[in-house]
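Here is a brisk tour of one chain. Keep the model open and follow along residue by residue.

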Amino acid sequence: MTLNHVRRGSGSPLLLVHGLGAGWRSWAPILDELAEHREVVAVDLPGFGETPPLAGEVSIATLTDAVAEFIREQGLDGVSTVGQSLGGRIVLELARRGVGGDTVALDPGGFWSDRELLVFSATLRPSVALVRVLRKWLPLLLGSAIGRTLLLVQFSARPWALSLETVLPDVRGLVESPSNGAALDALTKGPKQQGAPAGTAPGRVTIGWGRRDRVTVRSQAARATSLFPDAILHWFDRCGHFPQWDAPKEAIRLILDRTL
């Protein structure tokens with residue numbers, strides 16, 4: 001499968017892997033500025049954006065297989081990878097496999113305790129169901145600070161301060177992406193993430209975490225760094241689950257500083 005993707009900028013390539021939601025457009029708040037410094041390649045995972053769903057099982061393994069095959073197909077061996085949420089889990093799995101170069105994982109999914117996983121499933125799934133019911137009114141609701149606050153408090157530390165253009169693609173993607181439900185099941189019901197022993201990752205590993213993340217709560221950062229002992233942990237203050245929403249300038253600096 002060839003993943004739909006966009007390429008912008010020039011220089012050393014940087015591969016962006018999105019989380020649940022809009023596909024590559026999830027990176028819109030920071031993509032153009034990253035492209036001022038690097039060649040940015042942003043993909044749509046299978047079943048997101050304009051890439052068709054996988055024919056078989058949707059799992060972290062098969063989604064990672066699709067990205068690894070894209071890297072080979074595009075001649076991007078050794079490319080630095082950046083992922084957020086589901087994408088953060090995928091780029092860490094690529095690093096564990098020895099695929100790619102430097103790795104930046106932003107608020108990666110998959111490091112819940114059993115109790116945290118129950119809370120996550122009990123809160124996010126109803127939120128997605130609510131968004132589905134409100135789908136045709138989303139532009140109106142998300143166009144107001146009050147509406148953004150009510151709908152996005154789980155995802156952002158300051159939802160009232162965000163723009164409609166920033167949040168609407170990802171919120172719509174939660175109900176419009178064909179593989180969103182299967183990918184969410186892969187995160188919450190599939191095998192837990194394995195780690196990469198010290199010295200085995202193909203490049204530097206950086207894990208960024210929002211201190212106010214209510215999706216992948218900050219206690220999970222300790223589990224992620226214990227599984228990836230070579231990783232450097234970066235905290236985003238006053239930031240929720242989407243650093244590209246809440247702290248775009250800081251996210252850009254971190255990505256550029258921690259990748260070659």
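This is a predicted model.

**A buried acid**

Start with aspartate 213, which sits in the loop between strand E6 (205-210) and helix H9 (220-227). Aspartate 213 is buried but has no salt bridge. Which side chain of opposite charge is nearest to aspartate 213? That is arginine 214, at 7.8 Å. A salt bridge needs the nitrogen within 4 Å of a carboxyl oxygen, so arginine 214 does not qualify. Aspartate 213 does have a polar contact: its side chain joins that of histidine 241 at 2.9 Å.

**Salt bridges**

The count of salt bridges comes to 15. The table lists three of these pairs, each linking distant parts of the chain.

| Pair | N to O distance | Separation in the chain |
|---|---|---|
| aspartate 32 and arginine 8 | 2.8 Å | 24 residues |
| lysine 249 and glutamate 33 | 2.9 Å | 216 residues |
| arginine 211 and aspartate 237 | 2.5 Å | 26 residues |

Take helix H1 (residues 28-35). Aspartate 32 in H1 pairs with arginine 8 in strand E1 (residues 5-8). Glutamate 33, also in helix H1, pairs with lysine 249 in helix H11 (residues 248-257). H1 is therefore tied by salt bridges both to E1 and to H11.

How exposed are these partners? Aspartate 32 has 47% relative accessibility, so it counts as partly exposed. Arginine 8 is partly exposed too, at 33%. For lysine 249 the relative accessible area is 49%, which makes it partly exposed. Glutamate 33, at 28%, is partly exposed.

The third pair joins two loops. Arginine 211 belongs to the loop between E6 and H9. Aspartate 213 lies in that loop as well. Aspartate 237 is in the loop between strand E7 (232-236) and helix H10 (243-246). Arginine 211 has a relative accessible area of 35% and is partly exposed. Aspartate 237 is partly exposed at 47%.

Some charged residues go beyond pairs. Asp65, Glu93, Arg96 and Arg97 are linked in a network of salt bridges.

**The largest pocket**

Two of those network residues, Glu93 and Arg96, turn up again in the lining of the largest pocket. About 170 Å³ of space lies in this pocket. Its lining also includes Ser59, Ile60, Ala61 and Arg89. Pro191, Lys192, Gln193 and Gln194 complete the list. Which elements give two or more residues to the lining? They are helix H2 (60-73) and helix H3 (86-97). H3 gives the most, with 3 residues. By class, the lining has 3 nonpolar, 3 polar and 4 charged residues.

**Two positive phi angles**

Most residues other than glycine have a negative phi. Serine 85 is not a glycine, yet has a positive phi of about 60°. Serine 85 is found in the loop between strand E4 (80-84) and H3. Is serine 85 buried or exposed? Its relative accessible area is 10%; the cut-off for buried is under 20%, so serine 85 is buried.

Arginine 238 also has a positive phi, of about 50°, and is not a glycine either. Arginine 238 lies in the loop between E7 and H10. That loop also holds aspartate 237, the salt-bridge partner of arginine 211. Arginine 238 is partly exposed, with a relative accessible area of 46%.

Terms used. Residues numbered from 1 in each chain as written. Predicted model: local features only at pLDDT ≥ 70, side-chain atom pairs only at ≥ 80, totals over all residues. Heavy atoms only, no water. 1 Å grid on protein atoms, 1.4 Å probe; cavity = no way out; pocket = protein on both sides within 12 Å on 5 of 7 lines; lining within 4 Å. Points joined across faces, edges and corners; volume = space filled by probe spheres on them. Helix = DSSP H or I, 4+ residues; strand = E, 2+ residues; numbered from the N terminus. Nonpolar A, V, L, I, M, F, W, Y, C, P; charged D, E, K, R; others polar. Buried < 20%, exposed > 50% of the residue type's maximum accessible area, 1.4 Å probe, protein only. Lys, Arg positive; Asp, Glu negative; His and termini not counted. Polar contact = N/O pair within 3.5 Å; in protein donor to acceptor, adjacent residues only side chain to side chain.
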